[in-house]
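Work through the exercises below with the structure in view. Try each task before you read its solution.

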Amino acid sequence: MPVQFDPRDEAAAALLNDLHLWRLRAIERVELSRAFWSERDREIHVQPLYEKLSAESKNGTDLLSCILALKNTRNGTVDLVLPITELPKLPLLDLTINVDGTHVHRASRDEGARIQAISLIRLIKDAGIEFPDNLPLARFVDLLTFVFYAPTHIYEKTFQGYKTSHYFTSGTSLLNTQFTYLRNDFGNTHDDKKCLLPDWEEQYTSWQQSARRIRAIAGEYVRSDPFSSTQHPIISLPYLLQELKHRREASGSGWTPKAPEVTALLTYLADLLESLHEEPSDKNDQILRNYFAYGYRWVAFARCRIPLDKSFIISVRERRAIYFTPDWQKRRLSPKEQIQKTAWQMVAFSDAETNHVNIHVSDTAVRLGKPTVHNELGQSLTPRRADRRKWLAEGGPGRIDDERNTFEFYFRQDSQRGRPPRIYIRCPLRLTRVHSWTLYLTMGITLFGIMLLVNRGWSEIHSVLQPTSGQQVPEVDNNLTAKDATLILVPVAFAASFLLTRDTSTLSAWIRRIRQSILLIELFALLAIAFVLILVHHIRIG
């Protein structure tokens with residue numbers, strides 16, 4: 001069934017699908033400044049749209065036609081919804097966007113998700129796939145919109161706190177958090193007045209079958225994520241129904257969904273993804289990658305006025321959470337991850353003709369190890385040293401324009417066609433050798449002080465507490481003096497206390513926390529032994 005979209009949304013979707021046509025370069029600077037937050041600045045250099053798109057092939061002229069169709073150009077400028085940047089579904093702070101030197105505010109997440117859905121529909125049509133006549137395309141776009149938008153906070157709480165669900169149509173007890181999540185939101189299916197979607201429990205098995213088919217495909221494109229709404233589209237259904245209810249109450253428009261209709265949409269989504277997967281091609285691969293990527297990433301859009309006849313710059317500044325594991329949904333780090341202190345940074349790396357990324361550490365006490373680059377499946381794109389020459393000669397995934405790293409920064413630049421659209425950069429973090437060896441030396445000296453006190457005092461303590469028959473108790477005057485104890489305790493305690501309280505940033509404190517814990521235990525052990533020796537009168541005071 002043909003459907004007409006808003007011309008602004010159509011133009012934004014067209015811009016999103018052909019980023020290389022109008023973006024010259026994207027430069028991202030990442031500063032690891034704190035234990036759990038990174039400062040990120042991103043600049044996108046945009047070429048003169050009219051000049052660039054007019055000289056391009058059919059894709060460029062079609063894109064220019066979508067922009068000019070808005071009919072709001074004046075004085076060489078145009079008002080439109082502009083794709084800004086792709087962001088992960090992680091905590092973000094202080095997000096600011098400037099376009100051509102003007103501060104702009106981003107569009108809402110659900111509006112951006114609708115544009116992402118329209119862009120996917122355009123890609124599907126460009127791949128030569130026809131939608132069936134009996135498919136309500138507008139409703140399918142609504143489903144995609146909320147699959148891409150769905151916040152997962154409530155579902156995460158249900159996932160973490162609810163272990164076993166005993167509710168199901170057949171009465172069978174099974175582990176199913178999603179069923180509990182839907183039941184809490186939709187309500188009891190037997191109460192039609194309060195239930196958001198009557199008879200949904202009868203269709204739940206069919207929903208799960210479609211979701212399993214989608215997850216079987218996802219494993220070839222992205223990592224498994226229990227909170228990804230594209231891998232688990234059932235998560236998005238409460239938000240879809242709430243939005244449709246709001247439309248009906250606000251304007252009287254919108255469709256009233258029924259459980260079989262939702263089943264038909266989910267079934268068609270699974271059928272579509274399977275057909276794309278079974279017929280490999282570059283276009284089909286792009287559709288699948290975009291679909292699954294929108295489960296853990298979202299695109300920020302902004303309403304702005306841009307020039308058509310000159311270049312301009314888009315700048316984005318944000319603070320983003322740092323994760324020390326590629327599986328960001330993990331709540332606890334493994335012992336290996338606790339020891340290694342490796343930060344993972346996600347970067348969009350194919351949204352312009354040329355992409356640059358620069359990662360540096362602002363804390364002078366922290367150095368950067370040898371970073372490695374991974375794709376969305378976690379597979380390394382950095383060749384081993386033995387294979388590097390072969391990969392470079394054959395043009396493998398290790399072949400890039402430029403890559404450099406020191407103890408302070410990592411730089412990567414690439415303009416190769418077919419490069420991964422998104423990369424994970426694994427950044428090992430270490431203390432500088434001076435700080436590291438100072439900490440180890442202090443730990444060794446403190447341990448030596450403990451051994452010295454124990455060695456000087458244990459034999460005498462043993463003889464005082466358990467004198468043998470006929471053996472005279474040793475005189476206290478021959479024991480360890482306060483001056484001797486002072487020579488051991490004061491320098492060691494001062495050095496240990498100084499290192500325990502000296503942190504140049506929370507990042508260095510996070511990296512050294514295990515060694516600091518060991519040093520703190522040693523310091524208290526040293527003081528405890530000294531107090532014990534005084535208690536048994538082994539150290540002579542005065």
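**Exercise 1. Check the length of helix H5 in this predicted model.**

Solution.
- Step 1: Helix H5 covers residues 109–126, which is 18 residues.
- Step 2: Use 1.5 Å a residue; the expected span takes one less than the number of residues. The helix should therefore span 26 Å.
- Step 3: Compare with the model. The end C-alpha atoms of H5 are 26 Å apart, so the two values agree.
- Step 4: Look just past the helix. There Gly128 takes a positive phi of about 85 degrees.

**Exercise 2. Find the buried residues of H5 and what they pack against.**

Solution.
- Step 1: Apply the cut-off: buried means under 20% relative accessible area.
- Step 2: List residues of H5 that pass. Among them are Gly112, Ala113, Ile115, Gln116, Ala117 and Ile118. Ser119, Leu120, Ile121, Leu123 and Ile124 are buried too.
- Step 3: Trace their partners. Four helices take part: H1 (7–17), H6 (137–149), H11 (259–278) and H12 (282–293). Strands S3 (77–88) and S6 (297–307) also pack against these buried residues.

**Exercise 3. Which residues touch the most other members of the largest nonpolar core?**

Solution.
- Step 1: Take the core as a whole. It has 72 residues.
- Step 2: Pick out the residues that touch the most other members: Phe140, Leu144, Phe148, Trp207, Leu237, Tyr291 and Phe292.
- Step 3: Ask which element gives the largest share. That is H11, with 10 residues.
- Step 4: Follow Phe148 outward, leaving aside neighbours within four places in sequence. Its contacts include Ala113, Gln116, Ala117 and Leu120. Lys89, Thr230, Tyr291 and Tyr294 are also in contact with Phe148.
- Step 5: Look for another core. One of 33 residues lies apart, and its members include Trp22, Ile97, Ala302 and Cys304.

**Exercise 4. Describe the largest pocket and its lining.**

Solution.
- Step 1: Start with the volume, about 1500 Å³.
- Step 2: Go to the lining, which has 46 residues. Nearest the centre lie Asn17, His20, Leu123, Gln286 and Asn290.
- Step 3: Assign elements. Those that give two or more residues are H1, H2 (19–22), H4 (58–68), S3, H5 and H12. The largest share, 7 residues, comes from H12.

**Exercise 5. Where does pLDDT stay under 50?**

Solution.
- Step 1: Begin with the protein overall. The mean pLDDT is 81, and 80% of the residues reach 70 or more.
- Step 2: Scan for the low stretch. It is residues 163–175.
- Step 3: Note that the model has 19 contacts beyond four places in sequence for this stretch.
- Step 4: Draw the lesson. Where pLDDT is low, predicted coordinates should not be read in detail.

Definitions and conventions: Residues are numbered from 1 along each chain as its sequence is written. This is a predicted model: local features need pLDDT of at least 70, side-chain atom pairs count only at pLDDT 80 or more; totals for chains, interfaces and linings use all residues. Side-chain values use heavy atoms; hydrogens and water are left out. pLDDT is the predictor's confidence in each residue, from 0 to 100. Contact means heavy atoms within 4.5 Å. Buried means under 20% relative accessible area, exposed over 50%, partly exposed in between (1.4 Å probe, protein chains only). A nonpolar core is a set of buried Ala, Val, Leu, Ile, Met, Phe, Trp, Tyr and Cys residues joined through side-chain atoms within 4.5 Å. On a 1 Å grid over the protein atoms alone, a cavity is a set of points where a 1.4 Å probe fits but cannot get out, and a pocket is an open set with protein on both sides within 12 Å along at least five of seven lines; lining residues have an atom within 4 Å of a point. Grid points are joined across faces, edges and corners, and a volume is the space filled by probe spheres set on the points.
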